[in-house]
Amino acid sequence: MNSRESQLQAFDRLLTIMDELRTQCPWDKKQTMQTLRHLTIEETYELGDAILDNDLEEIKKELGDVLLHIVFYAKIGSETKHFDIADVANDICDKLINRHPHIYGDVVVENEEEVKQNWEKIKLKEGKKSVLEGVPKGLPALVKANRIQDKVAGVGFDWEKPEQVWEKVQEELEEFQDEVKQGNADAMESEFGDVLFSMVNYARFLNINPENALELTNKKFIKRFQYLENKAKEQGKALKDMTLTEMDVFWEEAKTI
């Protein structure tokens, strides 16, 4: 791997290129933090896809794209005299040191859970009024539910055993089914949300990331359905003209691949 000197040289090279693009490229000169925002979100999702696919070469490329955006925002910040890349780096360094007193101070911890609890306590001391302030409003609902539960667990608001959480899941399922029988659309939606929230909580107790789990299932379904489409096309058939029994033959084949 590269030496620290080589790593710093590469980062300096990126900063230099960013300076040149910002002054010479018509597209780069026009960009603002607002115009870059949606692109940054897109790049982050592409990195997430590469991680789920365990494609290390693609992960490296996508990390570069995300790093470029970080440098881009810092460059814009320096132009308005608000901050530059050194401020960004030093701020996160200071935060990491402050929130790891078991490494940089005299605090003793026994396990990962105590580290997380200390983290949330320190954030409150830093001026946050709620442990939930750190959960971005724009997060997808599934990710947000997981983060909310993780945050409150960090201050002790949590179940003690996975079995208790599973009982809660079953309770919410029964309540959902009751509302389905009643046919009340608003109540069904509310109870279905409770089911999902409790399932996310159960996943957390089992050390399963619900977002990753669902996306892996999405990918699996897409591959199997596309296999079904291709097989139907090979036989000169349209899916809409096939019976479920006929389609199921190809679906079962796809599951074995």
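**Group meeting: a chain of twelve helices**

I will start in a loop: asparagine 207 sits between H10 and helix H11, which covers 210-234. Bear in mind that this is a predicted model. Asparagine 207 is not a glycine, yet its phi is positive, at about 60°. Is asparagine 207 buried or exposed? It is exposed, and its relative accessible area is 74%.

There is another asparagine to put beside it. Asparagine 54 lies in the loop that joins helix H3 (33-52) to helix H4 (56-79). Its phi is near 55°, again a positive value in a residue other than glycine. The relative accessible area of asparagine 54 is 58%, and the cut-off for exposed is over 50%, so this residue counts as exposed.

Now the chain as a whole. It has twelve helices and zero strands. Read from the N terminus, the order of elements is therefore α-α-α-α-α-α-α-α-α-α-α-α, given how helices and strands are assigned. The radius of gyration of the chain is 24 Å, whereas a compact globule of 257 residues would come out near 18 Å. The C-alpha trace spans about 65 × 50 × 40 Å along the principal axes. Of the 257 residues, 23% are buried. If you take contacts with a sequence separation of 6 or more, 52% of them are between residues 24 or more positions apart.

Next, one helix pair in detail. H9 runs over residues 162-182 and H10 over residues 185-205. Their axes come within 9 Å and cross at roughly 165°. How are H9 and H10 oriented to each other? Angles over 145 degrees count as roughly antiparallel, and H9 and H10 are therefore roughly antiparallel. The crossing itself is left-handed.

Which residues of H9 and H10 meet? On the H9 side, they include Pro162, Trp166, Val169, Leu173, Phe176 and Val180, along with Lys168, Glu172, Glu175 and Glu179. From H10, the residues in the contact include Ala187, Met188, Phe192, Val195, Met199, Tyr202 and Phe205, and also Glu191, Asp194, Ser198 and Asn201. By class, the residues of this contact are 14 nonpolar, two polar and six charged.

Two buried positions remain. Arginine 99 is in the loop between helix H5 (85-98) and helix H6 (101-104). Its relative accessible area is 7%, and buried means under 20%, so arginine 99 counts as buried despite sitting in a loop. What is arginine 99 in contact with, once neighbours within four places in sequence are left aside? The partners are Trp119, Ile122, Lys123 and Glu126.

The other position is glycine 77, which is found in helix H4. Glycine 77 has 0% relative accessibility and so counts as buried. Not counting residues up to four places away in sequence, glycine 77 touches Met33, His82 and Phe83. For a sense of distance across the model, take glycine 77 and asparagine 230. They are 153 residues apart in sequence, and C-alpha to C-alpha they are 50 Å apart in space.

To close, here are the four residues again. Asparagine 207 and asparagine 54 both have positive phi values, and each is exposed. Arginine 99 is buried at 7%, and glycine 77 is buried at 0%.

Definitions and conventions: Residues numbered from 1 in each chain as written. Predicted model: local features only at pLDDT ≥ 70, side-chain atom pairs only at ≥ 80, totals over all residues. Heavy atoms only, no water. Axes fitted to C-alpha atoms, helices over the stretch in contact; angles between N-to-C directions. Helix = DSSP H or I, 4+ residues; strand = E, 2+ residues; numbered from the N terminus. Parallel < 35°, antiparallel > 145°, perpendicular 65-115°, else oblique. Left-handed = near helix turned anticlockwise from the far one by under 90°. Contact = heavy atoms within 4.5 Å. Nonpolar A, V, L, I, M, F, W, Y, C, P; charged D, E, K, R; others polar. Rg over C-alpha atoms; globule rule 2.2 N^0.38 Å. Buried < 20%, exposed > 50% of the residue type's maximum accessible area, 1.4 Å probe, protein only.
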